[in-house]
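Q: Hi! Could you walk me through this one while I have it on screen?

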Amino acid sequence: MSTEHVTTELRDRVLILRLNRPDKKNALTQAMYTALADELKQANENPTVRCILLTGTDDCFCSGNDIADFLQMKTITPSDDVPVLRFMKTLAHVAKPVVAAINGPAIGVGTTILLHVDLAYAGEKTRFQLPFVNIGICPEYASTYFLPRMIGHVKAAELTMLGEPFTAAEALDYRLINAVLPDAEVFEHALAKAQRLAQQPPAALRTTKALLKRWRGDLVDEIIPAEAVHFMSMLQDAEAKEALGAFLQKRKPDFSSFD
Ligand code: COA
C-alpha cells in the first residue's frame, strides 16, 4: 500500500509511482521499499494497469537508501527477504513495462535501479552516482554483474571505486538511459512514452519484455542476495560507521586509520 512517501496515481492505464520525501531528497526507508514492492506487485496483477512510471519529485529522483536506516540494518543470510531485497526482486521481475523519469540527484539505488527498468529519461541537470565504496560498502542490485558487462570493467571500476557523480549525458553514453531532456520536460516526455506503451497490445509487450530479460533469468535472484550479504555485513563495520556517521554529522569522513 502507498504511504505519504510513496504516492500513486493512475492515468490512462499508467500507474505513476512517485518517491515523495523531498525533505530527505527521496531517501528510501524500509517502509518505502515495502510500499514500492506492494504497489509493483499489485500493478503487475491489476489488468487496469498496463505500464508503470517510476519517478521522484521535481528536483530529486532519489538520494539512495536512507543513511539513518542504513545504521539500523542487521546482517542477513541470502534467504532473508528484507524489504529492500523484496523491492529489488519485485521490480526486477515485473512483467509489465516500467519507465523511469529522473531529475536531480539519482544516487546509489537511485542509479542501479536503471539496470532493471525498460525505458529511462533524465533531465540535463541529473547527477547519477554510485558512492557505495565512499560510504564503506559495496554496490548492490546486481550492478556488480551488469555494469561491467554493459560498460566494460574499467568504466565500471571508475564509477564504483571512485564513486564520483556523472552527468545525464554520460549516462546516455553508457546506455543507462534512453534520452536526456530539458529538466522541465522529463516527466511529460516519460509519461507520453508510458502512455504509448499502455496502448500497445499487452500480451505482446509482456512476452517481448520476458524474452528481452530471459538471459538474465535466475541470475538476478542469485546476485541480489549475494551482494546484499556483503553490504549488510559491511554496514556493521568501522569503515561504514565512520562514513555514515560523518554524513549525519555533516563532516568529511576520515579513513586514514583503517587497514
Ligand atoms: N539518507 C538520509 N538523509 C538524506 C539522504 C540519505 N541518503 N540524502 C539526503 N538526506 C537528507 C540530508 O541529511 C538533509 O537533511 P536535513 O535537512 O535534515 O539536514 C536533506 O536530506 C537535504 O540534503 P542535503 O545534503 O542538505 O542536500 P544537497 O542538495 O546539498 O545534496 C545529495 C543532496 C542527495 C547530493 C546529498 O544529500 C547526498 O549526497 N546524500 C547522500 C547520498 C548517499 O550517499 N546515499 C547512499 C547511497 S548508497
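A: Happy to. One term before we begin: contact here means heavy atoms within 4.5 Å. Also keep in mind that this is a predicted model.

Q: Good. Then what does Phe87 touch, leaving out residues up to four places away in sequence?
A: Phenylalanine 87 touches Tyr33, Leu36, Ala37, Leu40, Ile113 and Tyr141.

Q: And which residues have the most contacts inside the largest nonpolar core?
A: Those are Phe87, Phe128 and Tyr141, in a core of 68 residues. Helix 1, residues 30-45, gives the most to this core, with seven residues. Apart from it lies another core, of 18 residues, which includes Leu53, Ala101, Leu119 and Ala194.

Q: Let's look at strand 6. Is it buried or exposed?
A: Five of the five residues of strand 6 are buried, so the strand is largely enclosed by the rest of the structure. Both of its faces are covered. Leu119, Tyr121 and Gly123 are on one side, with Ala120 and Ala122 on the other.

Q: Why would the residues split between two sides like that?
A: In a regular strand the side chains alternate between the two faces of the sheet.

Q: Which way do strand 4 and strand 6 run?
A: They run parallel, and four bridges join strand 4 (residues 98-102) to strand 6. Look for valine 99, which stands opposite leucine 119. Strand 6 also runs parallel to strand 9 (residues 179-181), joined by three bridges. There, alanine 122 stands opposite valine 180.

Q: What about the open sheet, what order are its strands in?
A: The order is 5-7-8, three strands with mixed pairing. Strand 5 (105-107) and strand 8 (166-167) are the edge strands, each pairing on one side only. Strand 5 pairs with strand 7 (residues 127-129) in the parallel sense over three bridges, and proline 105 stands opposite arginine 127.

Q: Switching to pockets. How much space lies in the largest pocket?
A: About 690 Å³. The lining has 32 residues, and the closest to the pocket's centre are Ser63, Asn65, Asp66, Ile67 and Phe247. By class, the lining has 18 nonpolar, six polar and eight charged residues.

Q: Which helices supply at least two residues of that lining?
A: Helix 2 (67-72), helix 3 (83-93) and helix 11 (238-248) each do. The largest share, four residues, comes from helix 11.

Q: Which residues of helix 11 are buried, then?
A: Ala240, Glu242, Ala243, Leu244, Gly245 and Ala246. Helix 2 and helix 10 (217-234) are among the elements that cover these buried residues. Just after helix 11, lysine 250 takes a positive phi of about 55 degrees.

Q: Back to pockets, what volume does the second largest have?
A: It has a volume of about 590 Å³. There are 22 lining residues, and the closest to the centre are Val117, Asp118, Leu119, Leu212 and Arg216. Among the lining residues, 14 are nonpolar, three polar and five charged.

Q: Which element gives the most to the lining of the second largest pocket?
A: Helix 9, with five residues. Strand 6 (119-123), helix 5 (143-151) and helix 9 (202-213) each supply at least two residues of that lining. You have already met Leu119: the residue is also part of the core of 18 residues, and it is buried in strand 6.

How values were computed: Residues are numbered from 1 along each chain as its sequence is written. This is a predicted model: local features need pLDDT of at least 70, side-chain atom pairs count only at pLDDT 80 or more; totals for chains, interfaces and linings use all residues. Side-chain values use heavy atoms; hydrogens and water are left out. A nonpolar core is a set of buried Ala, Val, Leu, Ile, Met, Phe, Trp, Tyr and Cys residues joined through side-chain atoms within 4.5 Å. Buried means under 20% relative accessible area, exposed over 50%, partly exposed in between (1.4 Å probe, protein chains only). On a 1 Å grid over the protein atoms alone, a cavity is a set of points where a 1.4 Å probe fits but cannot get out, and a pocket is an open set with protein on both sides within 12 Å along at least five of seven lines; lining residues have an atom within 4 Å of a point. Grid points are joined across faces, edges and corners, and a volume is the space filled by probe spheres set on the points. Ala, Val, Leu, Ile, Met, Phe, Trp, Tyr, Cys and Pro count as nonpolar, Asp, Glu, Lys and Arg as charged, and the others, Gly among them, as polar. Two strands pair if DSSP finds at least two bridges between them.
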